[in-house]
Amino acid sequence: MGFEKQTTKWPRPLAESFYRRPTAIVARSLIGKTLLHRNDDRIVGGVIVETEAYLADGDPACHAARGMTPRNATMFGPPGRLYVYTIHAKYCLNAVTQRAGVGSAVLIRAIQPRWGVPQMQQRRGQQATDRLCRGPSMLCQALAIDLQHDGVCLTEDSSIWIGRAVERIATERIIAVPRIGISQAKDLPLRFLLQDSPFVSGPKYWHRTGARS
DNA sequence: TCTATGATACCCT
DNA sequence: GGGTATCATAGAT
């Protein structure tokens, strides 16, 4: 049984049932979970610290709001898949939620780097660990994820997966605030982040705590 | 085919 | 805090 000792224990993938729930619930639950990408037998990834929910109903900011197109078709597929799209010549990475036929997903905006940091630094041309994955496009660049990964299954043993948390996050530290970077439905508190985390993108909410200035 | 449009990030002030 | 490079997509022509 020395077999088990030789196998590094990466976080196990979350089941499809995790994603088969209301999108805002999934978005909040993803805080603290892990996102990993294996290529060339190396694992790169970290802890999710910021997400945004994009709802199937009553959410004009959601790509699916005006029906299915070739671009957003993955959103209407089964839950637990990766939805990748381009914006401003850059990539964004989402996890599909709810059920097939419903267009909804969670945008993963930032992670705290944990595995393969040197590779992230090389890909990003950036040394500071708090600038490697702060924002959806930075995240894709650091993890080497692009359009070819659109539709990849996150729940089975594949090259990209979302795994269990490596340490417990107190629920009080997860806060909901309005989404950023959109022009419609700006007021809905569908952006979830880990308070006090320097790895979160956009306007800083942690300054309120006095932890930073 | 052509063109407007972003769920951005970077550089500059 | 503001200007803008950059490009896949979708809808117009």
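**Two DNA strands and a pocket**

In this predicted model, DNA strand C is surrounded by Thr 69, Pro 70, Arg 71, Thr 86, His 88, Ala 89 and Leu 147. Of the atoms of DNA strand C that come within 4 Å of the protein, 89% belong to sugar and phosphate. The polar contacts listed here give a closer view of that backbone. The side chain of Thr 69 places an N or O atom 2.2 Å from a phosphate oxygen of DNA strand C. Arg 71 also faces a phosphate oxygen of this strand, here through a backbone N or O atom at 3.2 Å. Thr 86, in turn, has a polar side-chain atom 2.9 Å from a sugar or linking oxygen of DNA strand C. Sorted by class, the residues of the surface near DNA strand C comprise 3 nonpolar, 3 polar and 1 charged.

Attention now turns to DNA strand B. Around this strand are 17 residues, with Tyr 85, Asn 94, Ser 137, Met 138 and Gly 181 coming nearest. Sugar and phosphate make up 49% of the atoms of DNA strand B that come within 4 Å of the protein. Bases of this strand take part in polar contacts: a polar side-chain atom of His 63 is 3.3 Å from a base nitrogen, and a backbone N or O atom of His 88 lies 3.4 Å from a base nitrogen. His 88 is also among the residues surrounding DNA strand C. On the phosphate side, a polar backbone atom of Gly 181 sits 3.2 Å from a phosphate oxygen of DNA strand B. Two or more residues of the surface near DNA strand B come from each of β3, β4 and α5, and α5 gives the largest share, with 3 residues. The class make-up of this surface is 9 nonpolar, 6 polar and 2 charged residues.

The pocket analysis brings back several of these names. The largest pocket has a volume of about 640 Å³. Its lining consists of 29 residues, and those nearest the centre are His 63, Tyr 85, Ile 87, Gly 181 and Ile 182. Tyr 85 and Gly 181 are also listed among the residues that come nearest to DNA strand B, while His 63 is the residue with a polar side-chain atom 3.3 Å from a base nitrogen of that strand. At least two lining residues come from each of β2 (42-54), β3 (82-87), β4 (90-96), β5 (105-115) and α5 (136-143). By class, the lining of the largest pocket divides into 15 nonpolar, 8 polar and 6 charged residues.

Key: Residues numbered from 1 in each chain as written. Chains lettered and ligands numbered in written order. Predicted model: local features only at pLDDT ≥ 70, side-chain atom pairs only at ≥ 80, totals over all residues. Heavy atoms only, no water. Near = heavy atom within 4 Å. Polar contact = N/O pair within 3.5 Å; in protein donor to acceptor, adjacent residues only side chain to side chain. Nonpolar A, V, L, I, M, F, W, Y, C, P; charged D, E, K, R; others polar. 1 Å grid on protein atoms, 1.4 Å probe; cavity = no way out; pocket = protein on both sides within 12 Å on 5 of 7 lines; lining within 4 Å. Points joined across faces, edges and corners; volume = space filled by probe spheres on them. Helix = DSSP H or I, 4+ residues; strand = E, 2+ residues; numbered from the N terminus.
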